[in-house]
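Visitor: Could you take me on a close look at one part of this protein, its largest nonpolar core? I would enjoy seeing how that part sits within the rest.

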Amino acid sequence: LEKFENKNYETSLKEYCLLEQTAEISNHRLQALLGAMECYYLLNKFDSTIIASNKILALEKADENVSEKASYYLAKSLLKNGNSGQAIEEFKKLTSAKNTEYASEAQYTLAEIQYNNGNLEESEKIILEITSNPSSEFWLAKAFILWADIFKQRDNKIQAKQTLQSIIDNYEGDQSIINEAQNKLDEINNKHTEEQKLQEQKLQEQKEAVDEIIIENK
């Protein structure tokens, strides 16, 4: 446990695997599986995370908290491995989890998957469900940022900017959320400034071309 807390995941993983093989008490084996599952995920070993998650889910006496945790890591690992179809099914199950953070992240991730697949209407539909019944300030803010991306995709820059500004002004949680919203807002503003400069340059070139024709015709 100490090595895990010190982020020495490779060493922790070896110890958890050894404990799983040698543990005579079922609870000790479960703790070993949980520890190994988390280590695998943090080491980006998603195939092994999936195997460990499924082992936990197959245990008859695993309580709801343990099952939800295993399902959470299973869904995230499937997505990391590119198995989006299976991941979607697992995330859908997690939206009804008692652990509100798992449920909120699952719902947000489903919206994000739809956005990444170009299904803006479906993504927006899920975002509206999140905003109508939020259970996590963090994932609600993430949903609003994703919503701003949808507005931007639809070329509704005003709505995108207003949505991002509302997060910057009102969100009081994780600073990374405010930074993300600010970066996206800056990107929209900078692009608008560049477009204005290009337009002004084009108009100036057209004016110079017209002036040149007039001079030549005098």
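**A close look at the core**

Guide: Happy to, and let us come in from the outside. The accessible surface of the protein comes to about 13600 Å², and carbon and sulfur atoms account for 46% of that area. Please keep in mind that this is a predicted model. The protein has 11 helices and 0 strands, so every element in the run from the N terminus on is α, given that helices and strands are the elements numbered here. Of the 218 residues in the protein, 39% are buried, meaning under 20% relative accessible area.

Now to the part you asked for. In soluble globular proteins, nonpolar side chains tend to be buried together. Here the largest nonpolar core holds 61 residues, and those that touch the most other members are Met37, Ile56, Phe91, Leu94, Ile127 and Leu164. Helix 9, which spans residues 137-153, supplies the largest share of this core, with 10 residues.

Leu164 is a good place to pause. Leaving aside residues up to four places away in sequence, Leu164 touches Ile145, Ala148, Ala181, Lys184, Leu185 and Ile188. On the scale of the whole protein, among contacts with a separation of 6 or more, 46% join residues 24 or more positions apart.

For a counterpoint, turn to the largest pocket, with about 190 Å³ of space. Its lining consists of Ser26, Asn27, Arg29, Leu30, Leu59, Glu60, Lys61 and Ala62, which divide into 3 nonpolar, 2 polar and 3 charged residues.

Terms used
Residues are numbered from 1 along each chain as its sequence is written. This is a predicted model: local features need pLDDT of at least 70, side-chain atom pairs count only at pLDDT 80 or more; totals for chains, interfaces and linings use all residues. Side-chain values use heavy atoms; hydrogens and water are left out. On a 1 Å grid over the protein atoms alone, a cavity is a set of points where a 1.4 Å probe fits but cannot get out, and a pocket is an open set with protein on both sides within 12 Å along at least five of seven lines; lining residues have an atom within 4 Å of a point. Grid points are joined across faces, edges and corners, and a volume is the space filled by probe spheres set on the points. Ala, Val, Leu, Ile, Met, Phe, Trp, Tyr, Cys and Pro count as nonpolar, Asp, Glu, Lys and Arg as charged, and the others, Gly among them, as polar. A nonpolar core is a set of buried Ala, Val, Leu, Ile, Met, Phe, Trp, Tyr and Cys residues joined through side-chain atoms within 4.5 Å. Buried means under 20% relative accessible area, exposed over 50%, partly exposed in between (1.4 Å probe, protein chains only). Helices (H or I, at least four residues) and strands (E, at least two) are DSSP runs, numbered from the N terminus. Contact means heavy atoms within 4.5 Å. Accessible areas come from the Shrake-Rupley method with a 1.4 Å probe; for residues, only the protein chains shown count as cover.
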